[in-house]
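Q: Please take a close look at the aromatic rings in this model and at what surrounds them. A short account of the sheet would also help.

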Amino acid sequence: MQHSLIKAIITGSTGMVGEGVLHECLNNINVSEVLVINRKPCGVHHPKLKEIIHSNFYDFSKIKKELDGYNAAFLCLGVTSVGKKEEEYTKLTHTLTMHLAETLASVNKDMTVCYVSGTGTDSTEKGKTMWARVKGKTENDLMNLPFTKVFPFRPGFIKPTKGLKNAHKFYKFVNWLYPLGRLIYPKAFCTLSEVGKAMINAVYQKEDRKIIEGKDIIELSK
């Protein structure tokens, strides 16, 4: 069966995960167009790629018309919770994500949304770990929006894609752990390439709401 082509919006492409997902999209024949929304240029140029520089991620009204016509959104923008109080982390994680998602839902209900969350996220929103509660609320609220499909992704350790520029520096020191971790605990270790491919393949999944854990990412990437 021939798949309809994917027209994807990606956030976070100036970060490690978003850059890796963008790389997979640009090299996948099932993806025909990619729109990235960034505060600063991502530095990538490709015939499939369009970039919008937008400074205020709490108000997308000025670019709303340009978001129409896409059937996938890969939300890869995220910040660390280290050193942040719950109010600040909530604003940068939940509030920011929902502003974009609600805007997208108003123009593209026929859309698959993949949101990068993380292993250990708390779906009950009541646990002791602050970041896990906030991520859990973000997942839950996204899945309540009227999109065709919503898939929160919960990767653990992600091995960066070789040759890309936005990998965190600490990966240089811990990458040696990856083969051992994948062997001993494959559910918690995946590659950035697998994350990108899994998001693309999620667009063609029959389920409309499902949390994608580490083992699911690996399986869905094939």
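A: In this predicted model, lysine 91 lies over the face of tyrosine 58, 5.3 Å from the ring centre. A second such contact involves arginine 39, placed over the face of phenylalanine 57 at 4.5 Å from the ring centre. Both distances fall within the 6 Å limit for a charge over a ring.

Phenylalanine 57 also has an aromatic partner. A pair of aromatic rings is described by the distance of the centres and the angle of the planes. The structure holds two aromatic pairs. In one of them, phenylalanine 57 and phenylalanine 60, the ring centres are 5.3 Å apart and the planes meet at 75 degrees, so the pair is edge-to-face; the cut-off for that class is over 60 degrees. Phenylalanine 57 is buried, its relative accessible area being 3%. Phenylalanine 60 is buried as well, with a value of 2%.

As for the sheet, seven strands make up an open arrangement with parallel pairing, in the order 3-2-1-4-5-6-9. The edges are taken by strand 3, residues 49-53, and strand 9, residues 212-213; each has a single partner strand, so one side of each is left without a neighbour in the sheet. Strand 9 pairs with strand 6, residues 149-154, in the parallel sense over two bridges. An aromatic residue takes part here too: phenylalanine 153 has isoleucine 212 of strand 9 as its bridge partner.

Definitions and conventions. Residues numbered from 1 in each chain as written. Predicted model: local features only at pLDDT ≥ 70, side-chain atom pairs only at ≥ 80, totals over all residues. Heavy atoms only, no water. Pairing = 2+ DSSP bridges. Helix = DSSP H or I, 4+ residues; strand = E, 2+ residues; numbered from the N terminus. Phe/Tyr/Trp six-rings, centres within 6.5 Å; stacked < 30°, edge-to-face > 60°. Buried < 20%, exposed > 50% of the residue type's maximum accessible area, 1.4 Å probe, protein only. Lys NZ or Arg CZ within 6 Å of the ring centre and 35° of its normal.
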